[in-house]
Amino acid sequence: QGTSRINEQGHLEIGGKDTVELAASFGTPLFVYDTQMIRERAQAFHEAFRAQGVNYQIAYASKAFSCLAMLQLADELNLSLDVVSGGELYTALEAGFPMERVHMHGNNKAPEEIDMAVANGVGCFVVDNFHELKLLSKAAHSHSKTVNVMLRTTPGVEAHTHDYISTGQEDSKFGFDLSSGQGDEAVAEVLADQAMHLLGFHCHIGSQIFDTTGFVMAVEKLYSYIASWDETYGYAPEVVNVGGGFGIRYTEDDDPLAPGTYIEDVIEAVAREAKQRNLSMPEIWIEPGRSLVGEAGTTLYTLGSEKDIPGVRRYLSVDGGMTDNIRPALYEAAYEGIIANRADEPAKTNYAIAGKCCESGDMLMWDLPLPDAVAGDLLAVFSTGAYGYAMASNYNRVPRPPVVFVENEEARVVIQGESYADLIKLDQPLHAPVKA
Ligand code: LLP
């Protein structure tokens, strides 16, 4: 996978850097990103679109992992950017990300967030609801600007990895419900407003999806409505955005498709649907988060205490846990890992890997086969690049770990680890500490 390999000392190496040395230099827990892999993923999406000869944008869903360096890398890779909050937008601004390639998302954008995005000239608003349409119109008029609008729709296709639920209606907090005619009203409202330019339509069917059926179903559903908007308003979209959700490999059981396969099937479906209705081929936009950065991230932990319940389970604890990876506790997400300092040794024993938080649910893995592991060994957990650091917390007042990018035998800190002092930075004491 990517640039990972086992070196002569039997150590896991990423981007030409020995993980044992990385742990020694930067401490653990440590997030290590193989940036070469991020480049390759972005390239694969670009190539898939170019091969089909359509106009496109690939918007990196920055919720998966956002920091200044990551957004600058995304810019270098000619990606657009999906931001969902004032904070993600601020990060993009500070990174110098071109605002015309920023797509502003969110189901409850605050007036201040909308104003900030309009003032800074974001490329488009993915508008979620009627309340937002009003706020956006007001902001656009007050800035004397015309803003680009994508209407987020819920075409009634929900992906649950391999199962698809197709209903007339999707019971979701996001987007305009199409079945009840909300789409028609929204289209009419945007078309009537001088300060808004309707670019097209957006949908997002879910995450960690391993086949293309759901995307094709969503395109077909959406086009049945697009056809009616063409008839009623003479409007055809310039852009269709099918969202993100392309699956990645967390464990051996996951079998992700190549980026090209998703893209080919989506483009084929849009081309077919558009042609059937004599509509021109729109630009195709996508919003991958996990599939760009997920597998590129590895977390390094140091093993500490062990608890053996004979015949039941052997627990090994790491120096992090739900504070740097909430996904197992929140979604029962599965991961795999190895002992990075003895990566060449065969696995012998199944271990349950526990985090260090005061909470029974703070488990990273329940059955990880490892060679006999001892305190001080380095555990590498794979595919932690998406929604790991991004969802990290200071629960138990655990400082968030540093993040390094590695490539071509170089390691670069892109987010510093928090110190204890950082943890109380915003605290306002009642009085000066009374020394005993
Ligand atoms: N576009 C929209 C509108 C989204 O809501 C999302 C993810 C994406 C794109 C990117 O999806 P991706 O390609 O990364 O699957 N915290 C959860 C995932 C939440 C995803 C929310 N929306 C997790 O850790 O699995």
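In this predicted model, the C-alpha centres of domain 1 and domain 2 lie 34 Å apart. Where they meet, the contact takes 14 residues from domain 1 and 13 residues from domain 2. A ligand shell draws at least three residues from each of the two domains. The largest nonpolar core also takes residues from both, so it lies between them.

**Domains and their contact**

- The chain is divided into domain 1, covering 5-34 + 296-423, and domain 2, covering 54-292.
- On the side of domain 1 that touches domain 2, strand 22 (403-407) and strand 23 (410-415) each supply at least two residues.
- By class, the residues on that side of domain 1 are 11 nonpolar, two polar and one charged.

**The ligand shell**

- There are 19 residues around the ligand, and S207, G244, G289, R290 and Y387 come nearest.
- Helix 10 and helix 11 (327-331) are the elements that give two or more residues to this shell.
- The shell has seven nonpolar, eight polar and four charged residues.
- Domain 1 and domain 2 each contribute at least three residues to the shell.
- The unreviewed UniProt entry places the feature "binding site" at G245, E287, P288, G289, R290 and Y387.
- G289, R290 and Y387 are among the positions in that UniProt feature, and G289, R290 and Y387 are also among the residues that come nearest the ligand.

**G289 and R290 in detail**

- G289 sits in the loop that runs from strand 15 (283-286) to helix 10 (290-293).
- G289 counts as buried because 24 other C-beta atoms lie within 10 Å, and the cut-off for buried is 20 or more.
- Beyond its neighbours within four places in sequence, G289 is in contact with Y60, A61, K63, A64, G244 and A386.
- R290 belongs to helix 10.
- R290 is buried too, with 25 C-beta neighbours inside 10 Å.
- Setting aside residues up to four places away in sequence, R290 touches A64, S207, Q208, I248 and A386.
- A64 and A386 appear among the contacts of both G289 and R290.
- One contact of G289 is G244, and one contact of R290 is S207; G244 and S207 are themselves among the residues that come nearest the ligand.

**The largest nonpolar core**

- This core has 120 residues.
- Its members L81, V149, V219, V266, A340 and L379 touch the most other members.
- Helix 8 (residues 213-233) provides the largest share, eight residues.
- Why does this core lie between domain 1 and domain 2? Both domains give residues to it, so it lies between them.
- In soluble globular proteins, nonpolar side chains tend to be buried together.
- V219 is in contact with V242, V266, A269, V270 and E273, leaving aside its neighbours within four places in sequence.
- V219 and V266 are thus a contacting pair, and V219 and V266 are both among the members that touch the most others.

**Q36 and its long-range contacts**

- Q36 lies in helix 2, which spans residues 35-52.
- Is Q36 buried, exposed or partly exposed? Q36 has 18 other C-beta atoms within 10 Å, so it is partly exposed.
- Q36 and F405 are 369 residues apart along the chain, yet their C-alpha atoms are separated by 9.5 Å.
- Not counting residues up to four places away in sequence, Q36 touches G2, T3, G15 and E407.

**Backbone points to check in the viewer**

- T28 and P29 are joined by a cis peptide bond, with omega about -5 degrees.
- P29 lies in the loop between helix 1 (19-26) and strand 4 (30-34).
- E332 is not a glycine, but its phi is positive, near 55 degrees.
- E332 is found in the loop between helix 11 and strand 18 (337-339).
- E332 counts as exposed because it has 9 C-beta neighbours inside 10 Å, and the cut-off for exposed is 12 or fewer.
- E409 also has a positive phi, about 65 degrees, although it is not a glycine.
- E409 lies in the loop between strand 22 and strand 23.
- E409 is exposed, with 11 C-beta neighbours inside 10 Å.
- The two strands that flank the loop of E409 each supply at least two residues of the side of domain 1 that touches domain 2.

Terms used:
Residues numbered from 1 in each chain as written. Predicted model: local features only at pLDDT ≥ 70, side-chain atom pairs only at ≥ 80, totals over all residues. UniProt positions renumbered as here; feature names shortened; annotations may be inferred. Helix = DSSP H or I, 4+ residues; strand = E, 2+ residues; numbered from the N terminus. Contact = placed C-beta atoms within 7 Å. Near = placed C-beta within 6 Å. Nonpolar A, V, L, I, M, F, W, Y, C, P; charged D, E, K, R; others polar. Domains from an automatic or database assignment. Core = buried A, V, L, I, M, F, W, Y, C linked by C-beta atoms within 7 Å.
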